[in-house]
Amino acid sequence: MTDERRAELAEGIERVRARVAAACAAAGRDESEITLIAVTKTFPASDVRLLAGLGLTDIGENRDQEARPKAAECADLPLTWHFVGRLQTNKARSVAGYADVVHSVDRAKLVRALSAAAVRAGRTLRCLVQVSLDENASPEERGRGGAHPGDVPELADEIAGADGLELGGVMAVAPLGADPLPAFERLAGIAAEVRRNHPGASIVSAGMSGDLEQAIACGATHLRVGTALLGGRRAIVR
Ligand SMILES: *Cc1c(COP(=O)(O)O)cnc(C)c1O
């Protein structure tokens, strides 16, 4: 079982790395600029362990109640944990206990909650401003969260000035059903604007299983890849 799963995951890594290499070559970029985050939501801690054994160092999760026990089970592994999902302020304390990078910071209230939680935990959280790239959609349609592009500079300043937090850069999910390229180009512009005031905020988290090539073409530094590495997720009811 384990050997079979390990072989499957190794194949997934190989396929994704080949796609990353090809996209980097096409974009004239160096592969070393890209961090591959394995989004392990719905998959067991045993998969995280296998991925770590295969050389992956970055793990992404989107729900606190699933991520917390998984991170605890894998606490002996040298991993960087990325929280990539919508985050309620009442989960900030929990997330601050295990996450190294929070990709989904999209409002001032959450900045304050994460700051207090990080200070309390004696940890530093690297935070990314999640940008909504389909702000024309209704709030319901925008369920995936993200700050309006116009609010990003102020949120970035707030993170940079908050105790226990460090501004890492920006993150976005391409709008559903639209060409991801213009959305990622827009994100690149917003990322550059943030870097003008915060030169160290170099992370651009963009690109998933279906659009990592377009993300790399637009300067993504961090890819969040689930399905292409781990296989299909069973539908989960939220
Ligand atoms: C699930 C998820 C991913 C990975 O999606 P795949 O299409 O499976 O690669 C990336 N980012 C976020 C925010 C996610 O929730």
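Leu-167 is buried, at a relative accessible area of 11%. In this predicted model, Leu-167 belongs to strand 6. Setting aside residues up to four places away in sequence, Leu-167 touches Cys-127, Val-129, Ala-156, Ile-159, Ala-160, Val-194, His-198 and Ala-201. The C-alpha atom of Leu-167 is separated by 9.8 Å from that of Val-101, although the two positions lie 66 residues apart along the chain when counted as sequence separation.

Ala-201 appears in that list of contacts, and it is a convenient next stop. Ala-201 is found in the loop between helix 7 (180–197) and strand 7 (203–205). Its relative accessibility is 5%, and it therefore counts as buried, the cut-off being under 20%. Apart from residues up to four places away in sequence, Ala-201 touches Leu-167, Gly-168, Gly-169, Val-194 and Arg-195. Val-194 is thus a contact of Ala-201 and is also listed among the contacts of Leu-167. A further pairing is given by C-alpha positions: Ala-201 and Leu-128 are 73 residues apart along the chain, and their C-alpha atoms are separated by 8.5 Å.

Strand 6 (165–171) is also one of the elements against which the buried residues of helix 5 pack. The others are helix 4 (92–96), strand 4 (101–105), strand 5 (125–130) and helix 6 (152–161). Helix 5 covers residues 108–121, and its 14 residues should span 20 Å at 1.5 Å a residue; the end C-alpha atoms are 20 Å apart, which agrees. Its buried residues are Leu-110, Val-111, Ala-113, Leu-114, Ser-115, Ala-117 and Ala-118. In an α-helix there are 3.6 residues a turn, so residues three or four places apart point the same way. That spacing can be followed in the list for helix 5, which includes Leu-110, Ala-113, Ala-117 and also Leu-114 and Ala-118. Just after helix 5, Gly-122 takes a positive phi of about 65 degrees.

Helix 1 can be read in the same manner. Helix 1 has 26 residues (2–27). From first C-alpha to last it reaches 37 Å, close to the 38 Å expected at 1.5 Å a residue. The buried residues of helix 1 are Arg-5, Leu-9, Gly-12, Ile-13, Val-16, Val-20, Ala-23 and Cys-24. Their cover includes strand 1, helix 2, helix 8 (212–217), strand 8 (222–225) and helix 9 (227–230). Just after helix 1, Gly-28 has a positive phi of about 65 degrees.

One of the buried residues of helix 1 is an arginine, Arg-5. Its relative accessibility is 17%, which is under the 20% cut-off, so Arg-5 counts as buried. The side chain of Arg-5 makes a polar contact with the side chain of Glu-8 at 2.6 Å. The Arg-5 side chain also reaches the backbone oxygen of Leu-230, at 3.1 Å. Not counting residues up to four places away in sequence, Arg-5 touches Phe-43, Asp-47, Leu-50 and Leu-230.The loop between strand 1 (35–39) and helix 2 (45–53) holds Lys-41. The UniProt record, an unreviewed entry, places the feature "modified residue: N6-(pyridoxal phosphate)lysine" at Lys-41. Lys-41 is buried, with a relative accessible area of 17%. Beyond its neighbours within four places in sequence, Lys-41 is in contact with Gly-60, Glu-61, Asn-62, Glu-66, Lys-70 and Arg-233. Thr-42 is found in the loop between strand 1 and helix 2 as well, but Thr-42 is partly exposed, with a relative accessible area of 24%. Most residues other than glycine have a negative phi. Thr-42 has a positive phi, near 75 degrees.

The ligand is surrounded by residues that include Lys-41, Asn-62 and Arg-233. The rest of its surroundings are Val-39, Val-84, Met-208, Ser-209, Arg-224, Val-225, Gly-226 and Thr-227. Which atoms of Ser-209, Gly-226 and Thr-227 lie by oxygen atoms of the ligand? For Ser-209, an N or O atom in the side chain is 2.5 Å from a ligand oxygen. For Gly-226, a backbone N or O atom lies 2.8 Å from an oxygen atom of the ligand. For Thr-227, a polar side-chain atom lies 2.5 Å from an oxygen atom of the ligand. Taken alone the ligand exposes 390 Å², and the protein buries 88% of that.

Note on methods
Residues are numbered from 1 along each chain as its sequence is written. This is a predicted model: local features need pLDDT of at least 70, side-chain atom pairs count only at pLDDT 80 or more; totals for chains, interfaces and linings use all residues. Side-chain values use heavy atoms; hydrogens and water are left out. UniProt positions are given in the numbering used here, feature names are shortened, and annotations may be inferred rather than shown by experiment. Helices (H or I, at least four residues) and strands (E, at least two) are DSSP runs, numbered from the N terminus. Buried means under 20% relative accessible area, exposed over 50%, partly exposed in between (1.4 Å probe, protein chains only). Contact means heavy atoms within 4.5 Å. The expected span of a helix is 1.5 Å times one less than its number of residues. A residue is near a molecule or strand if one of its heavy atoms lies within 4 Å of it. A polar contact is a pair of N or O atoms within 3.5 Å; within protein, one must be able to donate a hydrogen and the other to accept it, and residues adjacent in sequence count only if both atoms are side-chain atoms. Accessible areas come from the Shrake-Rupley method with a 1.4 Å probe; for residues, only the protein chains shown count as cover.
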